[in-house]
Amino acid sequence: MEEVYIQSPLGVTKIIGDTNGIVSITVLNNNEPISDIVPEVLEDAVYQLHEYFAEERKTFSLTLNPQGTEFQKKVWDELLNIPFGKTVSYLDLSKKLGDPKAIRAVAAANGKNPLWIVVPCHRVIGSDGSLTGYAGGLHRKKWLLEHESPVKQQSLF
């Protein structure tokens, strides 16, 4: 298993994977040293994340290999269907998975998503439009949603 640490606008990002695919992409809350060398099997992931942050990429084309239960993988697969610049509620996601009563289990699986940004769990919000729970921190969720918004907010100052 290879790993690399890169700088992103939201902090140091750790990417883990091998020839079977990307296993994990996480944003860290500490300052790990940035990697000098990117392992060949992770080059595509690093390149595509840089493009995403530079507003040059809206979708990812990576081989993914997240580790989780069958239910978690089903939820993560459904997250891949949420278009760039759009959001869905946890209830909507539960309904799409066939069980509106599974909302808590769906939310828990969403929170365990190991592939930050690439599997867009940040696009899931509360039914009332609130930015509920986000493993990377609500400030990052807000940043990501604004980054993907088709309507860019202009600052007057």
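1. Let's start with a pair worth finding on screen: Arg 123 and Glu 148 are both buried. Their side chains meet in a salt bridge, at 2.7 Å from N to O. Arg 123 sits in the loop between α4 (103-111) and β5 (124-125), while Glu 148 belongs to helix α5 (residues 138-148), so this pair ties together parts that are 25 residues apart in sequence. Keep in mind as you look around that this is a predicted model.

2. The salt-bridge count comes to three. Another of them joins the side chains of Glu 51 and Arg 57, again given as 2.7 Å, N to O. Both Glu 51 and Arg 57 are buried.

3. Then there is Lys 142 with Glu 146, whose side chains form a salt bridge at 2.8 Å, N to O. These two are four residues apart in helix α5, so about one helical turn separates them. Buried or exposed? Lys 142 counts as partly exposed because its relative accessibility is 45%, and Glu 146, at 42%, also counts as partly exposed.

4. Now for the overall build. You'll find five helices and five strands, and from the N terminus they run β-β-β-α-α-β-α-α-β-α. Of the contacts with a separation of 6 or more, 57% come from residues 24 or more positions apart.

5. On size: a compact globule of 157 residues would have a radius of gyration near 15 Å, and the protein's 16 Å agrees with that. The C-alpha trace spans about 50 × 45 × 25 Å along its principal axes.

6. Last, the surface. The protein exposes about 9,000 Å², with carbon and sulfur atoms supplying 52% of that area, and 45% of its 157 residues count as buried. As for charge, the mean positions of the 16 positive and 19 negative charges lie 12 Å apart.

Key. Residues are numbered from 1 along each chain as its sequence is written. This is a predicted model: local features need pLDDT of at least 70, side-chain atom pairs count only at pLDDT 80 or more; totals for chains, interfaces and linings use all residues. Side-chain values use heavy atoms; hydrogens and water are left out. The radius of gyration is taken over C-alpha atoms; the globule rule is 2.2 Å times the number of residues to the power 0.38. Buried means under 20% relative accessible area, exposed over 50%, partly exposed in between (1.4 Å probe, protein chains only). Contact means heavy atoms within 4.5 Å. Accessible areas come from the Shrake-Rupley method with a 1.4 Å probe; for residues, only the protein chains shown count as cover. Lys and Arg count as positive and Asp and Glu as negative; His and the chain ends are not counted. The place of a charge is taken as NZ of Lys, CZ of Arg, CG of Asp or CD of Glu. A salt bridge is a side-chain nitrogen of Lys or Arg within 4 Å of a carboxyl oxygen of Asp or Glu.
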